[in-house]
Amino acid sequence: MTATIERSTTARTRRPAIGTLRLRLKPAHHACGFVQGAWWPRATLLSAELPSLLAARSLRCGTIDRVQYHEGDWAPEPEHVEPGDDIVLDSSHDSPNLISVSGPHVGMLTLLVVPPYTHATHAYDMVRTAASALDSSTPDQLLGIGLPSATDRLPAPI
């Protein structure tokens, strides 16, 4: 689903809390890897989380005009989400746990989305690793998906 969003003058204006945004990016001159950083939202409601992310990105990179996300990562919402002036929301991202924002000055910036319910210690490690200058891990590797756990290991033969 693709929707063009326009700011309604009658809509309640809410100032995003940028200071509480849990976002970390790779240094600008390091573009290696699958993601350019990570974002750990506080909830699965995109309309509540997206304004802070967009405000923070706009301060650093200028205008954001498109957001592409994986629909399955977020709670179902009404069709009308108001992230900002004339921003296209596109829920057709093929990969889960990723969100991409683009604009004329930033190009495309792809972020790992750490699920909000992730334990703080693990989430911090994921965000820190994804933002590491030399990290080239896939999103699944960053999230630990598909990695064997201690309970999956076989005991050593005697």
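Arg 128 and Asp 125 form a salt bridge, with the closest N and O atoms 3.2 Å apart. The two residues sit three apart in helix α2, separated by about one helical turn. Arg 128 is partly exposed, at 37% relative accessible area. Asp 125 is partly exposed as well, at 31%. The model is predicted, and the salt bridges in it come to two.

The other salt bridge joins the side chains of Asp 90 and Arg 66, at 2.7 Å from N to O. Asp 90 belongs to strand β5 and Arg 66 to strand β4, so this pair ties together parts that are 24 residues apart in sequence. What is the burial state of Asp 90? Asp 90 is buried, with a relative accessible area of 5%. Its partner Arg 66 counts as partly exposed, at 31%.

| Salt bridge | N to O distance |
|---|---|
| Arg 128 with Asp 125 | 3.2 Å |
| Arg 66 with Asp 90 | 2.7 Å |

**Helix α2**

Which residues of α2 are buried? In this helix, residues 120-130, they are Ala 123, Met 126, Val 127 and Ala 130. Viewed down the axis, these buried residues fall within an arc of 95°, so they line one face of the helix. They pack against four elements: β2 (23-25), β3 (37-39), β7 (107-113) and α3 (139-143).

**Strand β7 and its partners**

Strand β7 has seven residues, and five of them are buried, so the strand is largely enclosed by the rest of the structure. β7 pairs with β3 through two bridges, and these strands run parallel. Here Ala 38 stands opposite Leu 112 of β7. β7 also pairs with β6 (residues 98-103), through six bridges, and this pairing is antiparallel. Ser 100 has Thr 110 in β7 as its bridge partner. A hairpin of three residues joins β6 to β7.

**Nonpolar cores**

The largest nonpolar core has 19 residues. Which of them touch the most other members? They are Trp 39, Leu 50, Leu 54, Val 67, Ile 99 and Leu 111. The elements giving two or more residues to this core are α1 (46-61), β4 (66-69), β5 (87-90), β6 and β7. α1 supplies the largest share, five residues.

Ile 99 shows how these parts meet. Leaving aside neighbours within four places in sequence, Ile 99 is in contact with residues including Trp 39, Leu 46, Leu 50, Leu 53 and Val 67. Gln 68, Tyr 69, Leu 109, Thr 110, Leu 111 and Val 113 are also among its contacts.

Apart from this core lies another, of 12 residues. Its members include Val 114, Ala 123, Met 126 and Val 127. Ala 123, Met 126 and Val 127 are also among the buried residues of α2.

**The tryptophan pair**

How many aromatic pairs does the whole structure hold? The search finds one. The rings of Trp 39 and Trp 74 have centres 5.7 Å apart and planes at 35°, so the pair is tilted. Trp 39 lies in strand β3 and Trp 74 in the loop between β4 and β5, so the pair ties together parts that are 35 residues apart in sequence. Both residues, Trp 39 and Trp 74, are buried. Trp 39 appears again among the core residues that touch the most other members, and Ile 99 is in contact with Trp 39.

Definitions and conventions:
Residues are numbered from 1 along each chain as its sequence is written. This is a predicted model: local features need pLDDT of at least 70, side-chain atom pairs count only at pLDDT 80 or more; totals for chains, interfaces and linings use all residues. Side-chain values use heavy atoms; hydrogens and water are left out. Buried means under 20% relative accessible area, exposed over 50%, partly exposed in between (1.4 Å probe, protein chains only). The arc is that of the directions from the helix axis to the C-beta atoms. Contact means heavy atoms within 4.5 Å. Two strands pair if DSSP finds at least two bridges between them. A nonpolar core is a set of buried Ala, Val, Leu, Ile, Met, Phe, Trp, Tyr and Cys residues joined through side-chain atoms within 4.5 Å. A salt bridge is a side-chain nitrogen of Lys or Arg within 4 Å of a carboxyl oxygen of Asp or Glu. Rings of Phe, Tyr and Trp (its six-membered ring) pair if their centres lie within 6.5 Å; planes under 30 degrees apart count as stacked, over 60 as edge-to-face and the rest as tilted.
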